[in-house]
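Hi,

Here is the structure I said I would pass on. Have a look at it first, and my notes follow underneath.

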Amino acid sequence: MIDKNVGLVLEGGGMRGAYTSGVLDTLMDEKIKFPYVIGVSAGANNGANFVAEQRERNKKVFVDHVGDKEYSGFRHFIREKSYFNMEFLFEKLPDELVPFDYETFSKSPVVFKVCVTDCETGKPVYLCKSEYECKFFEQKILRASSSLPIISTPVEIDGKKYFDGGISDSIPIQKSIDDGNQYNVIVLTRNKGYRKEPARIGRLGRKLLSKYPRIIEILKTRYKRYNTCLDKIDKLEKEGKVFVFRPIKKIEVDRLEKDIKKLNNLYQQGYSEAREQMNDFKKWLNNVEKMAEQY
């Protein structure tokens, strides 16, 4: 287990999460574990499998099963008001097709947090696995963090409704720092230099979100928060306080990608690029441990 003041922060990005799957499999092959993991949306789902120590499961979920007609598609939106078939993803996959290791996940000493967005306030909320029964965490909390406004419906937890955590805190590095992690490893799903553009919310989007005016507002300003966070990460990286795994080769997969070949290539890209950076990463870890000993 890595030193107690090092956190692992996982960005979302829908199907771009295949890249994160490859990075995490490299870390598992190196038997690298973190005492603290926090993720958003696809990053949260990747993180759950990482905490459960299921080496192959991320690839199966983000690549191998994408071709299943039950996985996603606009026919599910018409029937269930969600582009992704949430029951398939968060019940059938973990309970039948690609079993999730609930026992290992539950017994893990890792502090694992998932970011969701409060529909009423528009603010991020961070839910910890230690506060919930593990099956509920898998089926409800991970689902909430992956429920994108407009193409999904919110998920009710403890009497409140939540959407995807990425719209309020796309890369929860500050939360990890606030929780006591002086150093962090961050897995991003965009190339270096990427900056988000303002989102356009059409008439249909406004109609679908009419019950949640704060969600509309934070969607309008999301790009500002995201770009400010990336600037902060660049600064922390220069200071040696974070190590960032991000796509080096130009990424060509979008959030709703269904091309299995592209997704497999992205997974392999994540794995190989993380492998190529492993020596630099271990040097960074050694420096972090030395600095920690001085305090």
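Lys-161 counts as partly exposed, because its relative accessibility is 39% and the partly exposed class runs from 20% to 50%. You'll find Lys-161 in strand E6, residues 160-164. Leaving out residues up to four places away in sequence, Lys-161 touches Thr-117, Asp-118, Cys-119, Pro-154, Val-155, Glu-156 and Tyr-212. Glu-131 is not among those contacts: it sits 30 residues from Lys-161 along the chain, with 18 Å between the two C-alpha atoms. Please keep in mind throughout that this is a predicted model.

Now the chain as a whole. It has 12 helices and 8 strands. For 295 residues, a compact globule would have a radius of gyration near 19 Å, and the chain comes out at 18 Å, so the two agree. Along the principal axes, the C-alpha atoms fill a box of roughly 55 × 40 × 40 Å. Of the 295 residues, 56% are buried. If you take the contacts between residues at least 6 apart in sequence, 75% of them join residues at least 24 apart. The accessible surface is about 13900 Å², and carbon and sulfur atoms account for 49% of that. As for charge, there are 52 positive and 43 negative ones, and their mean positions lie 5 Å apart.

On to the helices, starting with H1 (17-29). H1 has 13 residues and reaches 18 Å from its first C-alpha to its last, close to the 18 Å expected at 1.5 Å a residue. How many of the 13 residues of H1 are buried? The count is 12, so H1 is largely enclosed by the rest of the structure. Among the buried ones are Tyr-19, Asp-25, Leu-27 and Met-28. Just after H1, Lys-31 takes a positive phi of about 60°.

H3 (residues 57-64) is mostly covered as well, with 6 of its 8 residues buried. Those are Arg-57, Asn-58, Lys-59, Val-61, Phe-62 and Val-63, so you'll see charged residues on the list as well as Val and Phe. What do the buried residues of H3 pack against? Four helices: H1, H2 (42-51), H5 (86-97) and H11 (260-276).

In the loop between H2 and H3 is Glu-53, which has a positive phi of about 60° although it is not a glycine. Glu-53 is partly exposed, with a relative accessible area of 46%.

H5 also holds Asp-95, which counts as partly exposed at 31% relative accessibility. Beyond four places in sequence, Asp-95 touches Tyr-102, Lys-135 and Gln-139. Asp-95 and Gln-139 are 44 residues apart in sequence, and their C-alpha atoms are 9.9 Å apart in space.

Gln-139 takes us to H7, where it is one of the buried residues. H7 covers residues 134-145, and at 1.5 Å a residue those 12 residues should span 16 Å; the end C-alpha atoms are 15 Å apart, which agrees. H7 is mostly covered, with 9 of its 12 residues buried. Besides Gln-139, the buried set includes Cys-134, Phe-137, Glu-138, Ile-141, Leu-142 and Arg-143.

Following H7, in the loop between it and strand E5 (155-157), is Ile-150. Its phi is near 80°, a positive value in a residue other than glycine. Is Ile-150 buried, exposed or partly exposed? Partly exposed, with a relative accessible area of 29%.

Last one: Arg-225, in helix H10 (residues 213-238). Arg-225 is partly exposed, with a relative accessible area of 31%. Its contacts, again not counting residues up to four places away in sequence, are Ile-167, Ser-168 and Ile-218. The C-alpha atoms of Arg-225 and Ile-171 are separated by 9.7 Å, and the two residues are 54 apart along the chain.

Cheers

How values were computed. Residues numbered from 1 in each chain as written. Predicted model: local features only at pLDDT ≥ 70, side-chain atom pairs only at ≥ 80, totals over all residues. Heavy atoms only, no water. Helix = DSSP H or I, 4+ residues; strand = E, 2+ residues; numbered from the N terminus. Rg over C-alpha atoms; globule rule 2.2 N^0.38 Å. Buried < 20%, exposed > 50% of the residue type's maximum accessible area, 1.4 Å probe, protein only. Contact = heavy atoms within 4.5 Å. Areas by Shrake-Rupley, 256 points an atom, 1.4 Å probe, with all protein chains shown as cover. Charge placed at Lys NZ, Arg CZ, Asp CG, Glu CD. Expected span 1.5 Å × (residues − 1).
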